[in-house]
Amino acid sequence: MKELKTIAIGGELRPLHFGFSALSQWCDISGLGLNDLGTIGENLSLSNAISLIYVGLKHGARKQNENFNYTVDDIGDWIDEDGMEVFNECMEVFTQQMGK
């Protein structure tokens, strides 16, 4: 099982999890497929990156039985408020969890 990471975003510590359920939802949102997952880092649009963080946070909350009533726009706002460091941290967690 992938380790559940916690990051500080949106004024709280929130769980972040990138498993197959999260990736499935992200593929639906982004219109990309399973074959595209291996090349995510090469040409990922900003909107797809924010959507990826959204599904990671949503499924992190699900794994901890927490409510998650936020939107992709909320995540974008949190990144605006917290800075690129939190964006980079989320992407690093994605890389770590998908590398296992």
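## Notes on a predicted model

N48 is buried, with 16% relative accessible area; buried here means under 20% relative accessible area, exposed means over 50%, and partly exposed is anything in between (1.4 Å probe, protein chains only). This is a predicted model, so local features need pLDDT of at least 70 and side-chain atom pairs count only at pLDDT 80 or more, while totals for chains, interfaces and linings use all residues. Residues are numbered from 1 along each chain as its sequence is written, and side-chain values use heavy atoms, with hydrogens and water left out.

Let's stay with helix α2 for a moment, since N48 sits there. Helices (H or I, at least four residues) and strands (E, at least two) are DSSP runs numbered from the N terminus. Helix α2 spans 46-63 and α1 spans 20-30, with a loop between them. G60 is also placed in helix α2, and at 0% relative accessibility G60 counts as buried. R62 belongs to helix α2 too, but R62 is partly exposed at 42%.

Each of these α2 residues can be paired with a residue elsewhere in the chain, and T39 from the loop between α1 and α2 can be added to the list. Here are the C-alpha to C-alpha separations:

| Pair | Apart in sequence | Apart in space |
|---|---|---|
| N48 and S30 | 18 residues | 6.0 Å |
| G60 and A22 | 38 residues | 8.9 Å |
| R62 and H17 | 45 residues | 9.1 Å |
| T39 and D73 | 34 residues | 25 Å |

As for cover, T39 is partly exposed, with a relative accessible area of 38%.

Now to the strand side. Where does R14 lie? R14 is in strand β2, which covers residues 12-16. Is R14 buried or exposed? With 8% relative accessibility, R14 counts as buried. What does its side chain touch? The R14 side chain meets that of E12 in a salt bridge, 3.7 Å from N to O. A salt bridge, for our purposes, is a side-chain nitrogen of Lys or Arg within 4 Å of a carboxyl oxygen of Asp or Glu, and by this rule the count comes to 1. The E12 partner is partly exposed at 43%.

The side chain of R14 also reaches backbone. The backbone oxygen of I9 is 2.9 Å away from the R14 side chain, and the backbone oxygen of G10 lies 3.1 Å from one of the polar atoms of that side chain. Polar contacts like these are pairs of N or O atoms within 3.5 Å; within protein, one atom must be able to donate a hydrogen and the other to accept it, and residues adjacent in sequence count only if both atoms are side-chain atoms.

Moving on past α2, N65 is in the loop between α2 and α3. At 74% relative accessibility, N65 counts as exposed. The backbone is the curious bit: N65 has a positive phi of about 55° although it is not a glycine. Most residues other than glycine have a negative phi.

Finally, there's helix α3 (residues 72-82), where D77 is found. D77 is partly exposed at 40% relative accessibility. A patch of negative charge on the surface gathers D73, D77, D80, E81 and D82. Patches are built from residues with over 30% relative accessible area and no salt bridge, with like charges joined within 9 Å and nonpolar side chains (Val, Leu, Ile, Met, Phe, Trp, Tyr) within 5 Å.

Conventions: Areas by Shrake-Rupley, 256 points an atom, 1.4 Å probe, with all protein chains shown as cover. Lys, Arg positive; Asp, Glu negative; His and termini not counted. Charge placed at Lys NZ, Arg CZ, Asp CG, Glu CD.
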